[in-house]
Amino acid sequence: MTADAVNNIPAYLLLEPAAGDAASSMALLVGVNAGSVVTPWASLATLLWADQLRRAGADVPWGRFVAWGAVLAPVAVAVAAVTLLASL
């Protein structure tokens, strides 16, 4: 979960040299993008949307965001991994 420790783009760039082939690169993309939905700071897009929602008066509690992310991220990664494996 490197993408949860840092933003997803730097996480991908940091780990990209370890991806030896196209399938590994795709798996890495899935991991750093779908995996980063667990923590709000792991994706610049999430922070920008949160700011827009706050400006519009919508309240999105970060605790709820993290709870849903903890449920949805593993599902998204699993579905993407199965799809990637099926395409090989």
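## Exercises on a predicted model

P61 is partly exposed, with a relative accessible area of 30%, where buried means under 20%, exposed over 50% and partly exposed in between (1.4 Å probe, protein chains only). The model is a predicted one, in which local features need pLDDT of at least 70 and side-chain atom pairs count only at pLDDT 80 or more, while totals for chains, interfaces and linings use all residues. Residues are numbered from 1 along each chain as its sequence is written, and side-chain values use heavy atoms, with hydrogens and water left out.

**Exercise 1.** Find where P61 sits, and how its C-alpha atom is placed relative to that of A34.

*Solution.* Begin with the element: P61 belongs to the loop between α4 and α5, where helices are DSSP runs (H or I, at least four residues) numbered from the N terminus, and strands are runs of E of at least two. Then take the distance, which is 20 Å between the C-alpha atoms of P61 and A34, two residues that lie 27 residues apart along the chain.

**Exercise 2.** Determine in which helix confidence is lowest and in which it is highest.

*Solution.* Start from the whole chain, whose mean pLDDT (the predictor's confidence in each residue, from 0 to 100) is 83, with 92% of the residues at 70 or more. Next, turn to the helices: confidence is lowest in α1 (residues 2-5), with a mean of 57, and highest in α5 (residues 62-87), with 87. Where pLDDT is low, the predicted coordinates should not be read in detail.

**Exercise 3.** List the salt bridges of the structure, and explain how their partners are placed in helix α4.

*Solution.* A search of the whole structure gives two salt bridges, each being a side-chain nitrogen of Lys or Arg within 4 Å of a carboxyl oxygen of Asp or Glu. One of them joins the side chains of R54 and D51 at 3.9 Å, N to O; these residues are three apart in helix α4 (residues 44-55), and so about one helical turn separates them. R55 and D51 form a salt bridge at 2.9 Å, N to O, and being four residues apart in helix α4, they are likewise separated by about one helical turn. Salt bridges that share partners thus join D51, R54 and R55 into one network. As for accessibility, R54 is exposed at 51% and R55 is exposed at 66%, whereas D51 is partly exposed at 26%.

**Exercise 4.** Identify the residues of the largest nonpolar core, and the helices that supply at least two of them each.

*Solution.* The core, a set of buried Ala, Val, Leu, Ile, Met, Phe, Trp, Tyr and Cys residues joined through side-chain atoms within 4.5 Å, has five residues: A11, Y12, A19, L28 and V32. Helices α2 (8-15) and α3 (22-34) each supply at least two residues of this core. Looking at one member, L28 is in contact (heavy atoms within 4.5 Å) with Y12, L15, E16 and A19, leaving aside residues up to four places away in sequence.

**Exercise 5.** Describe helix α5 through the pair W62 and F65, and through the record that covers residues 62-86.

*Solution.* W62 and F65 are both in helix α5, three residues apart, about one turn of the helix. W62 is partly exposed at 33% relative accessibility, and F65 is partly exposed at 21%. From the record, the UniProt annotation "transmembrane region" (unreviewed entry) covers residues 26-50 and 62-86; such annotations may be inferred rather than shown by experiment, feature names are shortened, and positions are given in the numbering used here. In the model, residues 62-86 are 100% helix and 0% strand, with the end C-alpha atoms 35 Å apart.
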